[in-house]
Amino acid sequence: MAEETIYEGLRREGMSRRDFMKLCGALAGVMGLPLRGAGRGQRPAGRAGTRSQHGAMVAKALAGKPRVPVIWMSFQGCTGCSEALTRSQSPSMVDLVLNKISIDYHETLFAAAGAQAEQSRQAAMKQYAGQYLLVVEGSVPTAEDGIYCTIGGRSAVDLLKAAAGAQQ
């Protein structure tokens, strides 16, 4: 059986096609996709595309994709973003993790630590290369080649570059 797509999951929860398209248009706006056109249906000379076209692209992507794999890296921070995630009510953490996204690496939420957590991160980066959402929590110090934040003998800068580079 094929894995349920994001669109199928939203439909199962009662979202109409119209509301799904509104959501996709809003996501296109939040992502900063350009609104090209002076008004409804109007396009300045030499420029193509409208917000609705960008919304349609987002809809197409969500309609054919299973849950989004997430690699969540924590560096110099208070873990407040992770704390907020765990206390989320709508959607709840359970619904988010079981139905919306797939958290494939999150050292704060993992039972594994040390070498096991590192192996899990490497495996997720390899398995989902170019497909995962990379979340970075906290700052990444860059002074003196990043020596002020090291994890497992590697600087945060190196770890971030490796995780972001696998996306390309």
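Me: What makes β1 and β2 a pair, and in which sense do they run?
Reply: Two strands count as a pair if there are at least two bridges between them. In this predicted model, β1 and β2 are joined over 5 bridges. So they meet the cut-off of at least two, and their sense is parallel.

Me: Which residues stand opposite each other in β1 and β2?
Reply: Proline 69 stands opposite serine 102 in β2. Isoleucine 71 stands opposite tyrosine 105 in β2.

Me: How do you know that β1 also pairs with β3?
Reply: The cut-off is again at least two bridges. Strand β1, residues 68-74, has 5 bridges to β3. So the two strands count as a pair, and they run parallel. Isoleucine 71 has leucine 134 as its bridge partner in β3. Serine 74 stands opposite glutamate 137 in β3.

Me: What order do the strands take in the sheet?
Reply: The order is β2-β1-β3, in an open sheet of 3 strands.

Me: Why are β2 and β3 called edges?
Reply: Each has a single partner strand, so one side of each is left without a neighbour in the sheet. β2 covers residues 101-106 and β3 covers 133-137. From one strand to the next, the twist averages 25 degrees.

Me: What holds paired strands together in general?
Reply: Strands of a sheet pair through backbone hydrogen bonds, either parallel or antiparallel.

Me: Which helices lie across these strands?
Reply: Helix α6, residues 115-127, lies across β1 and β2. It runs at about 135 degrees to β2. Helix α7, residues 156-165, lies across β1 and β3, at about 160 degrees to β3.

Me: What is the full list of elements in the protein chain?
Reply: There are 7 helices and 5 strands. From the N terminus on, they run α-α-α-β-α-α-β-α-β-β-β-α.

Me: What makes β2 "mostly covered"?
Reply: A residue is buried when its relative accessible area is under 20%. In β2, 6 of its 6 residues are buried. β1 is mostly covered too, with 6 of its 7 residues buried. For the protein chain of 168 residues, 29% count as buried.

Me: Why is aspartate 104 called buried?
Reply: Its relative accessible area is 19%. The cut-off is under 20%, so aspartate 104 counts as buried. This residue is found in strand β2. Aspartate 104 touches Pro69, Val70, Phe110, Ser120, Ala124 and Tyr128, not counting residues up to four places away in sequence.

Me: Why is valine 68 called partly exposed?
Reply: Partly exposed lies between the cut-offs for buried, under 20%, and exposed, over 50%. Valine 68 has a relative accessible area of 27%, so it falls in between. Valine 68 is found in strand β1.

Me: What is valine 68 in contact with?
Reply: Its contacts are Ile6, Lys100, Ile101, Ser102 and Leu133, leaving aside neighbours within four places in sequence. Valine 68 and tyrosine 132 are 64 residues apart in sequence. C-alpha to C-alpha, these two are 6.5 Å apart in space.

Me: Where else does valine 68 appear?
Reply: Val68 is among the residues closest to the centre of the largest pocket, with Ile6, Leu62, Pro66 and Lys100. In total, 30 residues line this pocket. About 910 Å³ of space lies in it.

Me: Which elements each supply at least two residues of the lining?
Reply: They are α1 (6-12), α2 (17-30), α3 (51-63), β1, α5 (93-100) and β2.

Me: What makes the phi of threonine 79 worth a look?
Reply: Most residues other than glycine have a negative phi. Threonine 79 has a positive value, near 65 degrees. Threonine 79 lies in the loop between β1 and α4 (80-86). Its relative accessible area is 28%, so threonine 79 counts as partly exposed.

Me: How do you know that glutamate 144 is exposed?
Reply: Exposed means over 50%. Glutamate 144 has a relative accessible area of 52%, so it passes that cut-off. Glutamate 144 lies in the loop between β3 and β4 (150-151). Its phi is also positive, near 50 degrees.

Technical notes. Residues numbered from 1 in each chain as written. Predicted model: local features only at pLDDT ≥ 70, side-chain atom pairs only at ≥ 80, totals over all residues. Heavy atoms only, no water. Helix = DSSP H or I, 4+ residues; strand = E, 2+ residues; numbered from the N terminus. Buried < 20%, exposed > 50% of the residue type's maximum accessible area, 1.4 Å probe, protein only. Axes fitted to C-alpha atoms, helices over the stretch in contact; angles between N-to-C directions. Contact = heavy atoms within 4.5 Å. 1 Å grid on protein atoms, 1.4 Å probe; cavity = no way out; pocket = protein on both sides within 12 Å on 5 of 7 lines; lining within 4 Å. Points joined across faces, edges and corners; volume = space filled by probe spheres on them.
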